[in-house]
Amino acid sequence: EASEHVFTFLFLIEFVLRIMAYTWVWIFDPLNMFDTLIVWIPGVLVTWIMLPLGSDVAIVHVLKTLRILRVVRLIRVVRLHPYFHELWM
């Protein structure tokens with residue numbers, strides 16, 4: 001459970017830094033919108049608001065698995081970036 005709070009906090013910091021760097025325009029890209037939903041719904045909403053209030057959030061736990069897709073997307077970006085080419089070869 002502590003790791004859940006740590007990762008939610010890290011995702012939230014990443015989100016805030018991206019908004020500061022790219023402004024609100026960043027959210028309207030489809031992949032970035034997906035990232036935003038993954039951070040706010042299963043992360044902030046469930047972990048820090050609904051669970052402490054004692055709400056039933058069984059269905060939302062399924063969305064937590066979508067965070068794995070964020071990691072896969074990051075790996076893909078790193079793999080395709082020329083700077084990291086030697087890492088994958």
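How many cavities of 30 Å³ or more does the structure hold? Points 1 and 2 take this up.

1. The model is predicted. It holds one cavity of 30 Å³ or more. The largest cavity has a volume of about 40 Å³.

2. The lining of the largest cavity consists of Phe11, Glu14, Phe15, Arg18, Trp26, Asp35, Thr36, Val39 and Arg70. H1 and H2 are the elements that give two or more residues to this lining. H1 contributes the most, four residues. By class, the cavity lining has four nonpolar, one polar and four charged residues.

3. The largest pocket offers about 240 Å³ of space. Around it sit Phe11, Glu14, Arg18, Asn32, Asp35, Arg70, Val71, Arg73, Leu74 and Val77 as lining residues. Two or more residues each come from helix H1 (2-22), H2 and helix H4 (67-80). H4 has the largest share, five residues. Five charged residues, four nonpolar and one polar make up the pocket lining by class.

4. Compare the two lists. Phe11, Glu14, Arg18, Asp35 and Arg70 appear in the lining of the largest pocket and in that of the largest cavity. Asp35 is also among the buried residues of H2.

5. Helix H2 spans residues 30-53 and has a kink of about 55°, centred on Val46. Val46 is buried. Other buried residues in H2 include Pro42, Gly43, Val44 and Thr47. Thr36 and Val39, which line the largest cavity, are buried too. So is Asn32, a lining residue of the largest pocket.

6. After H2 comes Gly54. Its phi is positive, near 85°.

Notes
Residues numbered from 1 in each chain as written. Predicted model: local features only at pLDDT ≥ 70, side-chain atom pairs only at ≥ 80, totals over all residues. Heavy atoms only, no water. Bend = angle between axes of the 7 residues up to and from the residue. Buried < 20%, exposed > 50% of the residue type's maximum accessible area, 1.4 Å probe, protein only. 1 Å grid on protein atoms, 1.4 Å probe; cavity = no way out; pocket = protein on both sides within 12 Å on 5 of 7 lines; lining within 4 Å. Points joined across faces, edges and corners; volume = space filled by probe spheres on them. Nonpolar A, V, L, I, M, F, W, Y, C, P; charged D, E, K, R; others polar.
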